[in-house]
Amino acid sequence: MSAALAMHEVRARAQHFANAGAWADATALLLQHEARIREHPPCAALLAESYMRTGRAREAREWLAGVLPAIELSDDRASLRRATVLFGAAHFALGELERARRRFEEAMELARADGDDPLVARSMYNLGTIANITGDRTGALALYRLALSVLQRLGDRQGLAECYHNMAITYRDLGKWSEADELEQRSAEFARDAGQPRIVSIARLGRAKLALQRDDLDFAEATARFAAADFAALGDPVLEAAAKRLAGVACTRRGDYARARELLDFAVTRSLHHEATLTAAESLRSRAELALAEGNRVAARQDAEEALRLFDKLSAVEDLRALQRWISAL
Amino acid sequence: MTLVVHALSESFGDLWPGLAAEAGLRCEVTRTLPRDLDPTRSVVLLAAGGEEAAVPKVARELRASGEVMFAVVVAEAGHRSAAAALRSGADQLFVVPEDLELLRSWLKDAAERLHSGENRRAFAASESRKYRFDGILGASGSLATVLERVSRVIPHSNVTVLITGETGTGKELIARAIHYNGPRREAPFVDINCAALPEHLLESDLFGHEKGAFTDASTAKPGLFEMAQGGSIFLDEIGHLALPLQGKLLRALQERSIRRVGGVRNIAIDVRVIAATHVNLEAAVRAGEFREDLYYRLNVMQVALPPLRNRQEDIVPLAKHYLAKFAAEYGVSCPELSPQAARALRDRAWPGNIRELRNVLERTVLLADTPVLDAQSLEFEASSGDAASGQGAPPVTLTDIIAQAVRQALDACGGNKSEAARRLGISRPRLVRILEGGDAEAGEGR
């Protein structure tokens, strides 16, 4: 009994760290007892989560590969469900999408058998995200719809807001803009109900992107400016930069170059300062387009080549190729 | 949320407060059988260390008192006594200290279930407020008739409802109002647009599939009917459902059970079906595009939503509502409508109905720079006629106009015929006939 209680103390202390967001401390503590926690499913799952929360997906994957058989043999279904979904998340973070999909499917089946609705929803949602990434948009929408029904059953407004936003992105990718816009509005509505202003602003940003695609430039600029002000108030400089970039693109297309310059300079400076590589690359590309519209090919090439370097760093192949074509046409 | 420990002995007495605290529960220890427990707020441990023989009798009494989650904790248990405890109604049995970690996990799980039940009820209550009937704006006689009709169907939770009306008239809003004001409000409201998916995907979405049912079916997946269990399923654009699926839906409605694609067993479903369409289903039945038996099965209670142009007295109150709503959302002051703006709103035909009105007013709130809106401040959406006139020579005959509209819709939908048909408000087979030039009725503008 003393060994069990001692392990319980380890778990309680590690959980305390985890609850406080001190995941590095939780990891360090659990690693001190690594040999013993292999036989203790809740702690084994907690170490995997600590690895994931500290960006150590590779260690999480290796750890889970070693301990999952023992967890499967235990009677602790809750830890098994948790470990399985974490295994999927580790594969996902490492870009191993097919393995991630299989683990999330296992997690979903375990969760359905045990009536663990939050995990059913999370697994469906994760599977939807994988389907979307792999280009199976209709499959993604089907999974998101299933997740929505579980999230409603759980009364999880934040989950509903996030799921509707993801569905909106999928509809946007399918070119169904009015459906996507309706879903962004629904996402914002649930986010407001859930007291999640950041998700409200993300949905607003989504609507600005849709308006740009519809060439509704006034609406795009106005919505993006509102989103930028929201993100500034929320202390999120990267998303503020992303929103100002969109407003800047709308101004460029409308021919309002002075306003576009102000917005895009801000987006580039702010995103580079915060090392937000993707936003910086997109902002530089947008500023290059502005420079070209103004007739300044030298500045256009300069920004575009810097954006190219950043897309390359991100391995964003499609953006990279498109920008290369754009530069060669300069 | 409370952990109620019914202690038959003193054993492990020092464990309970700590276990309850870890699970986020309040602890209450009692020596008498707890009665009238609220199963939505309590979980029970029957603590019987050293008093194992009494477990079956007390467990039976506890189970008889209600649906509360409860587990038995003992110091030792043979397989016979464990089986007896579970037969008596306990959800779980733990032998302490060996099973202490399992007991902790069970309690944590039980606490999460109590919390999610509470969240579910709070969610249902807030959605009910959002979709309450006195919150649906409008004083027109036509809307009052609709709402009166809807209010009669709400308590009858198994009655199928068919909502008809043009695009943008608020069919989904009414469907949600029926669900969230009715007895099924704590279960999901699941919606799907039948026009948005190809037939085989829609079938799998609605009814689910078993592992291996088709190439990509690497795992079994439930369908929306199963996921809506206890709640409502909203089948939007039902007029676009392919004929083979119409047969399956009819069977589901008649038998109140479904079978997954590739499955062999029937799964009972307890779901209210709410269908909606902007297609004239009676005409579709006459044209052989919609099954008559399904039409009658769906049309138990029909709710016909009037277009906004037939609710002229509702337009200005609705406009004021949306102006206030969007002003609050964007944190700007609410503009007022000048008499000229109000007249312009009333005079418009609103082909996109309430959705179009809402979009116009959101743009106005965002872009207007005056506190009082005149008619020029309102940016109306271009009608489909406006868009068509900008492309190519004007068509000569009605047949040409229809064919051109179909081709434009098809282009706008990236060649997706189902989607184009949905947008045009005609069935997919008819769209195909028009494209092939073989639609005899096209010239009649049906």
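This tour moves through chain B of a predicted model, from its domains to one sheet and then to one helix.

**Domains.** Begin by colouring chain B according to its domain assignment: residues 2-121 form domain 1, 135-304 domain 2, 308-377 domain 3 and 392-444 domain 4. Next, display domains 2 and 3 of chain B together; their C-alpha centres are 33 Å apart. Eleven residues of domain 2 of chain B and twelve residues of domain 3 of chain B make up the contact. On the domain 2 side of chain B, the residues that touch domain 3 of chain B comprise three nonpolar, seven polar and one charged.

**The sheet.** Now select the strands β7, β8, β11, β6 and β12 of chain B, which in that order build an open sheet of five strands with parallel pairing. At its edges are β7 (189-193) and β12 (301-304) of chain B, each of which pairs on one side only. On average, neighbouring strands of this sheet are turned by 20 degrees against each other, direction ignored. Zoom in on β6 (residues 161-164) and β11 (residues 272-277) of chain B: these strands run parallel and are joined by four bridges. To find one bridge pair, pick B:Val161, whose partner in β11(B) is B:Ile274.

**The helix.** Finally, select α14 of chain B, residues 353-367. This helix of 15 residues spans 21 Å from first to last C-alpha, close to the 21 Å expected at 1.5 Å a residue. Show the side chains of its buried residues, among them B:Ile354, B:Leu357, B:Val360, B:Leu361 and B:Val365; the buried residues also include B:Glu362 and B:Arg363. Which elements should be displayed as packing partners of the buried residues of α14(B)? Add α12 (312-330) and β14 (372-373) of chain B, together with α13 (217-234) of chain A.

Definitions and conventions:
Residues numbered from 1 in each chain as written. Chains lettered and ligands numbered in written order. Predicted model: local features only at pLDDT ≥ 70, side-chain atom pairs only at ≥ 80, totals over all residues. Pairing = 2+ DSSP bridges. Helix = DSSP H or I, 4+ residues; strand = E, 2+ residues; numbered from the N terminus. Axes fitted to C-alpha atoms, helices over the stretch in contact; angles between N-to-C directions. Domains from an automatic or database assignment. Contact = placed C-beta atoms within 7 Å. Nonpolar A, V, L, I, M, F, W, Y, C, P; charged D, E, K, R; others polar. Expected span 1.5 Å × (residues − 1). Buried ≥ 20, exposed ≤ 12 C-beta atoms within 10 Å, placed from the backbone.
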